[in-house]
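Student: I should like to look closely at a single part of this model. Please take it as a starting point and follow the connections outward from there.

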Amino acid sequence: MRRFDLHRLWAIVMKEFIQMRRDRVTFGMMIGIPLMQLTLFGFAINSDPKHLPTALRLADNGPFERTLVAEMQNSTYFDVVRVTDSEAEVHRLLQLGEVQFVVNIPVDFTRRVLRGERPSVLVEADATDPAATGPAISAVQALAFKAIDRDLTGPLARLRGAPGPVNFVVHAHYNPENITQYNIVPGLMGVVLTMTMVVITALAITRERERGTMENLLSTPLRPSEVIVGKIIPYIAVGYIQVSLILLAAKGLFGVPMVGSVGLIYATGLLFIAANLAVGITFSTLAKNQLQAVQMAFFFFLPSLLLSGFMFPFRGMPGWAQVLGSCLPLTHFLRIVRGVLLKGNGALDVLPEVWPIALFVAVAMTVAVKRYRQTLD
Amino acid sequence: MSAGGEHAIDVRGVTKRFGSKTVVNGIDLQVRPGEIYGFLGPNGSGKTTFIRMLCGLLTPDGGSGTCLGHDILREQKRIKLQVGYMTQKFSFYEDLSIRENLDFIARVYDIADRASAVEASLEGLGLRDRSGQLAGELSGGWKQRLALAACLIHRPRLLLLDEPTAGVDPKARRSFWDEIHRLSAQGITVLVTTHYMDEAERCHRIACLAYGNMLVKGTVQEVIDSAGLTTWSVGGPGLAGLADRLRTSPGVEQVVAFGNTLHVSGHDAGVLEATLRRACGPALSLANIRPGLEDVFIGMMDNARDNYS
Ligand SMILES: Nc1ncnc2c1ncn2[C@@H]1O[C@H](COP(=O)(O)OP(=O)(O)O)[C@@H](O)[C@H]1O
Ligand SMILES: [Mg+2]
């Protein structure tokens with residue numbers, strides 16, 4: 001009586017593969033969910049928000065002001081919908097959401113530029129949609145420097161270059177956090193995997209129980225570990241398909257920079273996928289029926305979404321929420337993916353985020369194997 | 001290993017409780033190798049629960065014994081390797097084809113020459129032409145054949161069949177039982193539950209359960225004799241009205257219409273005969289007949305209800 005038998009394990013793996021192939025709806029969802037999420041989030045992560053309605057409050061009427069206004073009107077980022085000198089009016093527009101930006105050009109702007117005083121231009125932004133405002137704010141700065149620099153010719157050329165002729169003061173209203181677009185697509189990888197992998201395995205054993213096939217499985221010499229590992233392996237393949245889809249879309253559709261090693265993403269992804277599958281299997285051994293299993297999966301997904309740093313910046317959360325968040329594999333995987341893709345982190349850099357996931361897998365698998373009942377009692 | 005050589009199943013006092021309800025109550029059972037042993041009992045009498053305890057799917061709350069020489073409490077893993085258990089409800093994968101199901105089971109039991117074992121199994125049960133068909137699309141009779149084929153693929157020494165012929169047509173039932181007898185002749189022990197009296201009569205020995213209690217065991221003839229039932233056959237006109245009158249008469253316990261005759265049974269032969277002589281005029285024919293297993297079984301269940309429920 002061998003304890004863990006590879007033939008028996010392989011029996012389960014093959015069976016699960018065939019069943020997965022036959023279950024077109026579920027398989028379609030596994031592929032469809034990442035595509036749908038990418039499309040939906042595609043609006044928020046559009047790296048080039050265009051035609052943002054903008055109001056200008058002009059108090060100077062000098063040549064530099066005119067240069068700046070012309071440059072903004074030419075840019076595709078901004079649609080100048082209102083030019084006025086009334087402070088009350090621009091604030092009302094901002095509040096009503098009719099404009100996303102107000103650019104305030106102060107009195108004596110031109111003269112103070114010429115004097116090298118670096119006059120302040122106040123950019124007020126409605127940052128309720130930070131993914132849209134973030135890039136536009138940097139755009140307005142770049143655009144102003146470029147426009148004014150060009151006009152600073154001859155003796156004025158000494159005013160060029162850092163720190164620049166104008167001091168931009170950005171005032172982000174309503175949402176001071178600026179989550180950049182590149183955070184989202186890599187983050188989405190972890191979110192999609194959490195969402196689909198947990199549910200699919202949460203159903204795996206409850207389905208056997210509901211259909212009555214569990215009685216048959218239990219009457220065979222199969223061991224709990226063989227059944228559980230056998231049910232996990234096929235879905236690792238599905239998880240890899242999802243990772244690949246998202247990486248392709250990140251690069252092709254959204255132009256997310258990929259500074260680090262994609263291989264490292266796949267390697268750490270294996271662990272993360274296993275973590276989610278193990279959670280699902282654990283739920284599956286606890287749930288009485290498929291509905292309960294789905295509910296449990298949802299209760300795992302929600303805190304993952306909210307506390308991992310995907311929705312809200314992790315450092316902005318209260319201490320207890322950070323502690324909870326640190327227990328979730330998604331939190332660590334998000335850091336890995338962002339670190340690797342955006343900052344070019346290497347294997348050693350991500351190590352501190354890898355071992356918590358590994359620990360999580362070990363605990364979840366142990367619970368699953370322990371909870372897997374070998375009898376119908 | 002004490003009784004391993006003599007009995008395929010040798011258990012005593014097997015008990016199972018769910019909560020406060022005793023579902024199997026101190027059952028003793030000895031089944032000889034190669035024997036076909038029938039389990040009769042109404043729904044809920046504990047047949048399935050008892051079988052599950054034999055193959056390690058449920059842990060008994062009391063009792064002890066061996067199955068194929070292995071201790072039922074401690075050696076479930078060894079028992080599982082040598083037992084073929086056909087569940088009451090079809091429990092193979094409906095989204096797998098016949099061949100895939102068989103192949104799965106063959107892999108699970110780590111059978112040496114898997115491919116030829118699967119082929120032989122398809123061949124033997126005449127399932128080869130339909131091997132690519134999904135199990136879920138099969139009719140009841142074919143599902144049952146598949147289940148039996150799958151249970152046999154690892155060459156078990158003991159077959160536990162839980163209501164294997166429920167919902168199967170008579171011809172398929174007959175060929176199923178022919179197969180059971182072939183297997184028995186090869187030395188495979190069979191424990192089978194059923195609600196059909198004709199099937200019970202094809203068993204070497206039977207046991208009757210009610211409310212978790214063993215009422216009687218033995219050959220069909222022994223069971224019938226032990227019941228002490230007397231049965232009369234009544235023929236002639238106006239039987240429907242007579243049946244109603246007889247049901248409330250002294251000594252009459254069962255009145256069953258069989259086509260143009262009534263079978264009237266009771267345990268007290270004298271009172272029964274007197275009642276019948278009084279109730280039946282000269283137009284009716286009366287004959288004392290051998291009670292059927294069904295009459296005995298139903299009589300027993302009526303008594304059991306009074307005793308145990
Ligand atoms: N897992 C269980 N939990 C609680 N009660 C059960 C369970 N399994 C069976 N029972 C009860 O035990 C009794 C016997 O059931 P069962 O063994 O299936 O009878 P049979 O197979 O003879 O119809 C029934 O009353 C049933 O409701
Ligand atoms: Mg039953």
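Student: How many residues of strand 9 (residues 205-210) of chain B are buried?

Tutor: Six of the six residues of strand 9 of chain B are buried, so the strand is largely enclosed by the rest of the structure. This is a predicted model, in which local features need pLDDT of at least 70 and side-chain atom pairs count only at pLDDT 80 or more, whereas totals for chains, interfaces and linings use all residues. Residues are numbered from 1 along each chain as its sequence is written, chains are lettered from A and ligands numbered from 1 in the order in which they are written, and side-chain values use heavy atoms, with hydrogens and water left out.

Here, buried means under 20% relative accessible area, exposed means over 50%, and partly exposed lies in between (1.4 Å probe, protein chains only). Strands (E, at least two residues) and helices (H or I, at least four) are DSSP runs numbered from the N terminus.

In a regular strand the side chains alternate between the two faces of the sheet. In strand 9 of chain B, R205(B), A207(B) and L209(B) point one way, I206(B), C208(B) and A210(B) point the other way, and all of them are buried.

The neighbours of strand 9 come next; two strands pair if DSSP finds at least two bridges between them. Strand 3 (residues 36-40) of chain B runs parallel to strand 9 and is joined to it by four bridges, and R205(B) is the bridge partner of Y37(B). With strand 10 (residues 213-218) of chain B, strand 9 pairs in the antiparallel sense over five bridges, and M214(B) in strand 10 stands opposite L209(B).

Strands 9 and 10 of chain B form a hairpin with two residues between the strands. Y211(B) is found in the loop of this hairpin, between strand 9 and strand 10. Most residues other than glycine have a negative phi. Y211(B), although not a glycine, has a positive phi of about 50 degrees. With a relative accessible area of 37%, Y211(B) is partly exposed.

Before strand 9 comes H204(B), in the loop between helix 7 (197-200) and strand 9 of chain B. H204(B) is also partly exposed, at a relative accessible area of 37%. The C-alpha atoms of H204(B) and G218(B) are 8.5 Å apart in space, although the two residues are 14 apart in sequence.

Strand 3 leads on to strand 8 (residues 189-194) of chain B, six of whose six residues are buried. Both faces of strand 8 are covered, with T189(B), L191(B) and T193(B) on one side and V190(B), V192(B) and T194(B) on the other. Strand 3 and strand 8 of chain B pair in the parallel sense over five bridges, with V190(B) as the bridge partner of I36(B). Strand 7 (residues 158-161) of chain B also runs parallel to strand 8, through four bridges, and L158(B) has T189(B) as its bridge partner there.

Strand 7, helix 6 (residues 170-185) and strand 8 of chain B make a right-handed β-α-β unit; right-handed means that, with the strands pointing away from the viewer, the path from the first strand over the helix to the second runs clockwise. E163(B) lies in the loop between strand 7 and helix 6 of chain B. E163(B) is not a glycine, yet its phi is positive, near 45 degrees. E163(B) counts as buried at 11% relative accessibility.

Chain B also holds residues around ligand 1, among them G46(B), K47(B) and T48(B); for such a shell, a heavy atom of the residue must lie within 4 Å of the ligand. In polar contacts (N or O pairs within 3.5 Å), an oxygen atom of ligand 1 is 3.0 Å from a polar backbone atom of G46(B) and one is 2.9 Å from a polar backbone atom of K47(B). An oxygen atom of the ligand is 2.6 Å from an N or O atom in the side chain of T48(B). Helix 1 of chain B gives the most to this shell, with three residues.

For the wider setting, chain B has 11 helices and 14 strands, and 56% of its 309 residues count as buried.

Technical notes. A polar contact is a pair of N or O atoms within 3.5 Å; within protein, one must be able to donate a hydrogen and the other to accept it, and residues adjacent in sequence count only if both atoms are side-chain atoms.
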